[in-house]
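Please find below some notes on the model you sent round. They are set out as numbered points so that each can be checked against the coordinates.

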Amino acid sequence: MTSPPASSTPMVRMAGVQKHFGDLHVLRDIDLDVARGEVVVVLGPSGSGKSTLCRTINRLEPIDTGTIEIDGTALAAEGKALAALRADVGMVFQSFNLFAHKTILENVTLAPLKVRGASKAEAEKTGLALLERVGIANQRDKYPAQLSGGQQQRAAIARALAMKPKVMLFDEPTSALDPEMVNEVLDTMTSLAKEGMTMVVVTHEMGFARRAAHRVVFMSDGEIVEDSTPDDFFTAPRSDRAKDFLGKIL
Ligand code: ADP
Ligand code: MG
């Protein structure tokens, strides 16, 4: 995709981020800027720290040292500022994490009602428009278990968008799906990218990375080993670790 316009304040800025789980050094001196409207795909072997990276961006995981800023504002450790910043960062997981006992529309309106203080009418109007956008408005009154995996994941995307996030994080959003449902979710993500959403996407879908990413970040053992355009990464990886990774998956 063509690059987004350069802007002085990155939407996400990670600088010198270190994180351990006990003795395990899981994020090693991570510096990562994501520009407004940029789509960054994070690749890397299992256990390289991709999920942890995503989870630190919205403070689901605390970091040891370093800084993380969203749109120029550092993440506070707790309190109201944290809630507000978290609302700015939408996250979609491998397991759809919908509320099982709420309808699809209720899933999408819940957080705007509670956290953003929206009125019911307003939240439903926005929620329906979002369900429309991801192509499942006709499923609004069903419960998650009545939907296919692909539909549930699209509902999860709509739910995250309902908070009007500044950035969307996707952690292997299609890994739990049956193959025939992968594309409907990737297509939804591609449209979002085209609309200018800032996105960080952990995925093993190389077609999506080639098609939709502005940049590919390759992680190995908690480090960012390569940070390049998809073209450069896939045709001319520089490190042995990236070559080895690509050799195994392509
Ligand atoms: P990836 O998403 O790239 O597979 P993760 O970020 O999930 O990698 O994990 C990176 C490393 O951190 C792995 O070795 C994993 O076992 C470890 N890890 C992840 N979460 C925890 C946790 N809550 N406690 C201890 N170790 C963890
Ligand atoms: Mg992971």
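The points below take up the sheet, one helix with the loop after it, and the aromatic pairs.

1. Status of the model. This is a predicted model. Every value quoted here is computed from that predicted model.

2. The sheet. Six strands make up an open sheet with mixed pairing, in the order β6-β7-β8-β3-β9-β10. Its edges are β6 (89-92) and β10 (223-228), each of which pairs on one side only. From one strand to the next the twist averages 20 degrees.

3. Register between β3 and β8. Strands β3 (residues 39-43) and β8 (residues 198-202) run parallel and are joined by 4 bridges. To check the register, look at V42, whose bridge partner in β8 is V202.

4. Helix on the sheet. Helix α5 packs on this sheet, where it touches β6 and β7 (167-171). The direction of α5 makes about 170 degrees with that of β6.

5. Length of α4. Does the end-to-end distance of α4 agree or disagree with its residue count? The helix has 14 residues, which at 1.5 Å a residue should span 20 Å, and the C-alpha atoms at its ends are 20 Å apart, so the two agree. The expected span is taken as 1.5 Å times one less than the number of residues.

6. Faces of α4. The buried residues of α4 are A123, G127, L130 and L131. Viewed down the helix axis, they fall within an arc of 100 degrees and therefore line one face of α4. An α-helix has 3.6 residues a turn, so residues three or four places apart point the same way. On the other side of α4, the exposed residues are A121, K125 and E132. The cover over the buried residues includes α3 (104-114) and α5. Helix α5 thus appears twice in this note: as part of the cover on α4, and as a helix packed on the sheet.

7. The glycine after α4. G135 follows α4 and has a positive phi, near 80 degrees. The residue sits in the loop between α4 (120-133) and α5 (149-161). With a relative accessibility of 47%, G135 counts as partly exposed, because the exposed class begins over 50%. The C-alpha atom of G135 is 8.0 Å from that of R154, although the two residues are 19 apart along the chain.

8. Aromatic pairs. The structure holds 3 aromatic pairs. In one of them, F218 and F245 are tilted, with 5.2 Å from centre to centre and 45 degrees between the planes. F218 belongs to strand β9 (residues 215-220) and F245 to helix α9 (residues 240-249), so this pair ties together parts that are 27 residues apart in sequence. Both rings belong to buried residues: F218 has a relative accessible area of 0%, and F245 has a relative accessibility of 8%.

9. The edge-to-face pair. How are the rings of F233 and F234 arranged? Their centres are 5.4 Å apart and their planes stand at 80 degrees, so the pair is edge-to-face. F233 is buried at 0% relative accessible area, and F234 is buried at 8%.

10. The aromatic cluster. F218, F233, F234 and F245 form one aromatic cluster. For a quick look at this region, start from F218, which lies in β9, a strand placed between β3 and β10 in the sheet order.

Definitions and conventions:
Residues numbered from 1 in each chain as written. Chains lettered and ligands numbered in written order. Predicted model: local features only at pLDDT ≥ 70, side-chain atom pairs only at ≥ 80, totals over all residues. Heavy atoms only, no water. Phe/Tyr/Trp six-rings, centres within 6.5 Å; stacked < 30°, edge-to-face > 60°. Helix = DSSP H or I, 4+ residues; strand = E, 2+ residues; numbered from the N terminus. Buried < 20%, exposed > 50% of the residue type's maximum accessible area, 1.4 Å probe, protein only. Pairing = 2+ DSSP bridges. Axes fitted to C-alpha atoms, helices over the stretch in contact; angles between N-to-C directions. Contact = heavy atoms within 4.5 Å. Arc of directions from axis to C-beta.
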